[in-house]
Amino acid sequence: MQAVANAIADRISLISVSSTMKVAAEAERLRAEGADIVDFGAGEPDFPTPDNIKQAAVRALDENFTKYTAVSGTADLKKAVCEYHARHFGTDYKPAECLITVGGKHIIFNAMQALVNPGDEVVIPVPYWVTYKDVVNYAGGKCVFVDTDETNGFAVTAAMIEPHLTARTKMVIINSPSNPSGALVNRAEFEKIFRMTRDRGIYLMTDECYCFFLYDSEPFSIASLPGATETVLVAGSLSKTYAMTGWRIGFGLMPAPIIGAMTKLQSHSTSNPTSIAQKAAAEALRGPQESVKVMLAEYRRRRDFIVGRLRAIPGVTCAEPRGAFYAYPNLGVVLGKSSGIQNTLQLAERLLAEAGVALVPGEAFGTDRHVRISYATSMKELERGLDRVHQFVVKHS
Ligand SMILES: Cc1ncc(COP(=O)(O)O)c(C=O)c1O
């Protein structure tokens, strides 16, 4: 048989394999060979899904809730999402403004496909969550990156974004608290960014994936401002809040015409998210919320530990994460001629091979001297891993 010429469609070259996944795959390979790896790469809670949520899924199975649901999600779950957002943030979304998706990533993908035309610009603060760049590129859009400053804790302000807005700007994406830095957008600045985008007819996507994991402030949604629902696009996920990464439930709260466009798209791709997972998600949103507080308290303890340990390494700086469960230290001190390590990709490879620590290189998030350490892992692993990182940095700097 003759090989098919140019088998892979051109559009696939617009995206790259997520570097977070690359590190995980290499760590997995080494572990399978028997290596002792400390894994700081995983972007998921190390807690189990709470019991009440699991039981709801078991009930769904027993009741044979195992068939197709509406493409956009069950009426009950959409209602639960709207009520939950109203309860926490005082918004007033209707089920017609809600779409249930296969994880939070899926709502962001759908929104880009539904809204971004070739050449449209999407403004993304740096460091950014890897997927934004790829989903914008895949839609034919152009990413416009906005630098932030580590010495200000990677804070994003309206003044930083403003010079990047043009007649082609379709959307600004804000992720607060941020993956990978844990930075928060100050509430007054967020409001300024909202007004600035609204006045220019630009969408403001707020990725609320980590919005309940905050260490020194209360959860807040920019969608709660009066008049926000016309231009604000809420991307939500149950993955981290309820330790449900494998269940794959996310949602969008957006103007009804956009929900309609995304539903049309979803009807030809995944159709409905898994029926049983939708039942579990409704329980997560309506049931007891204690588990979220327990996880937050533990993340705070780990955050304090890890930041202290990182700052104790000579030459290493680390902005204090104010939310989420990642630290984003600057390990630039080991880059250069003497170590032979030229960039953070090589740094992550060497750390994995020589010290048995898996973490994600800053290049994945748009900066060239940092690495992302997930502290969604036990204190024991954090201690072991940080000892290794410390020794590695001292040896190579
Ligand atoms: C910033 C951010 N947004 C959205 C998501 C989507 O999560 P999921 O698709 O697992 O619900 C993630 C996952 O890592 C994330 O870090």
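User: Happy to look at this with you! How is the radius of gyration taken, and which value does the protein have?

Analyst: The radius of gyration is taken over C-alpha atoms, and the globule rule is 2.2 Å times the number of residues to the power 0.38. This is a predicted model. With 397 residues, a compact globule would come out near 21 Å, and the protein agrees with that, as its own value is 21 Å.

User: What share of the residues is buried?

Analyst: Buried here means under 20% relative accessible area. Of the 397 residues in the protein, those that are buried make up 55%.

User: Among contacts between residues at least 6 apart in sequence, how many join residues at least 24 apart?

Analyst: The protein has 12 helices and 12 strands. Among its contacts between residues at least 6 apart in sequence, the share that joins residues at least 24 apart is 75%.

User: Nice. Helix α10 caught my eye; which elements do its buried residues pack against?

Analyst: Helix α10 covers residues 290-311 and reaches 32 Å from its first C-alpha to its last, close to the 32 Å expected at 1.5 Å a residue. Its buried residues include V292, M295, L296 and Y299, and also the charged E298, R302 and R303. The elements that the buried residues of α10 pack against are β9 (326-327), β12 (371-374) and α12 (379-396).

User: Is T74 buried or exposed, and which residues is it in contact with?

Analyst: T74 sits in the loop between α2 (51-62) and α3 (75-89). Its relative accessible area is 14%, so T74 is buried. Leaving aside neighbours within four places in sequence, the contacts of T74 are F65, T69 and Q278.

User: Where are the cis peptide bonds that lead into P127 and P177?

Analyst: Most peptide bonds are trans. The bond from V126 to P127 is cis, with omega near 0 degrees, and P127 is in the loop between β3 (121-125) and α5 (130-138). Another cis bond joins S176 and P177, and the place of P177 is the loop between β5 (169-175) and α7 (187-199).

User: N64 and F154 each have a positive phi; is each one buried or exposed?

Analyst: Most residues other than glycine have a negative phi. N64, in the loop between α2 and α3, has phi near 55 degrees, while F154, in the loop between β4 (142-146) and α6 (158-161), has phi of about 60 degrees. With a relative accessible area of 57%, N64 is exposed; with 5%, F154 is buried.

Key
Residues are numbered from 1 along each chain as its sequence is written. This is a predicted model: local features need pLDDT of at least 70, side-chain atom pairs count only at pLDDT 80 or more; totals for chains, interfaces and linings use all residues. Side-chain values use heavy atoms; hydrogens and water are left out. Helices (H or I, at least four residues) and strands (E, at least two) are DSSP runs, numbered from the N terminus. Buried means under 20% relative accessible area, exposed over 50%, partly exposed in between (1.4 Å probe, protein chains only). Contact means heavy atoms within 4.5 Å. The expected span of a helix is 1.5 Å times one less than its number of residues.
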